[in-house]
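The following exercises introduce a protein structure step by step. Each task is followed by a worked solution.

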Amino acid sequence: MMDSHFLDEARDLPSKVHASRSGKSGMTPMDRVVAWSVFRTRAEAENLVAHVHLAPGQHLVGGHGQDSVAPFWWVGVQVSDLGEWGHSAAINKRGRHGD
């Protein structure tokens, strides 16, 4: 089973808006994250982590946060080279901030 320690980190979701411009800390715009999912419970996020199969040059990223409704946890796949991965328009966003 993969390590899910990254879920302990308070981290904004990937976004096209740079975190420092929105007054928040977090990832830089998209930051080579090509797919992510958002969950309302940590257990749901950990369940996804347990079932992800990664290719060479990919690793899991994520964290937790709070929106106007409730806490959330997110899990994403970050690639080492977006150009090698494919076209950035093919990025799969599921959940908040898939803008």
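A polar contact is a pair of N or O atoms within 3.5 Å; within protein, one of the two must be able to donate a hydrogen and the other to accept it. The model examined here is predicted.

**Exercise 1. The overall layout**

Task: State how many helices and strands the protein has, and give their order from the N terminus.

Solution. Step 1: the protein contains 2 helices and 4 strands. Step 2: read from the N terminus, the elements follow the order β-α-β-β-α-β. Step 3: the protein has 99 residues, of which 33% count as buried. Step 4: the exposed area is about 5800 Å², and carbon and sulfur atoms supply 52% of it. Step 5: among contacts between residues at least 6 apart in sequence, 64% join residues at least 24 apart.

**Exercise 2. The hairpin and its loop**

Task: Determine how β2 and β3 run relative to each other, parallel or antiparallel, and describe the polar contacts of D67.

Solution. Step 1: strand β2 covers residues 58-66, and 9 bridges join β2 to β3 in an antiparallel arrangement. Step 2: the two strands form a hairpin, with 4 residues between them. Step 3: as one pair across the strands, V61 stands opposite G76 of β3. Step 4: D67 belongs to the loop between β2 and β3. Step 5: a residue is buried if its relative accessible area is under 20%; D67 has 15% relative accessibility and therefore counts as buried. Step 6: the side chain of D67 reaches the backbone nitrogen of V69 at 2.9 Å. The backbone nitrogen of A70 is also reached by the D67 side chain, at 2.9 Å.

**Exercise 3. The nonpolar cores**

Task: Identify which element gives the largest share of the largest nonpolar core.

Solution. Step 1: the largest nonpolar core has 12 residues, including F6, F39, L60 and W73. Step 2: two or more of the core residues come from each of β1 (33-39), α1 (42-50) and β3 (71-79). Step 3: β3 gives the largest share, 4 residues. Step 4: apart from this core lies another, of 6 residues, among them V33, W36, V61 and F72. Step 5: V77 is a member of the largest core. Leaving aside residues up to four places away in sequence, V77 touches R32, V33, V34, A35, L54, Q58, H59 and L60.

**Exercise 4. Two buried residues of β3**

Task: Decide whether F72 and Q78 are buried or exposed, and state which partners the side chain of Q78 reaches.

Solution. Step 1: F72 is placed in strand β3, and Q78 lies in β3 as well. Step 2: F72 has a relative accessible area of 3%, so F72 is buried. Step 3: Q78 also counts as buried, because its relative accessibility is 7%. Step 4: the side chain of Q78 makes a polar contact with the side chain of H59 at 2.8 Å. Step 5: the backbone oxygen of D31 is reached by the Q78 side chain at 2.7 Å. Step 6: for F72, a distance to a residue elsewhere in the chain may be added: its C-alpha atom is separated by 7.7 Å from that of R42, which is 30 residues away along the chain. Step 7: as background to these strand residues, side chains in a regular strand alternate between the two faces of the sheet.

Terms used: Residues numbered from 1 in each chain as written. Predicted model: local features only at pLDDT ≥ 70, side-chain atom pairs only at ≥ 80, totals over all residues. Heavy atoms only, no water. Core = buried A, V, L, I, M, F, W, Y, C linked by side-chain atoms within 4.5 Å. Buried < 20%, exposed > 50% of the residue type's maximum accessible area, 1.4 Å probe, protein only. Contact = heavy atoms within 4.5 Å. Areas by Shrake-Rupley, 256 points an atom, 1.4 Å probe, with all protein chains shown as cover. Pairing = 2+ DSSP bridges.
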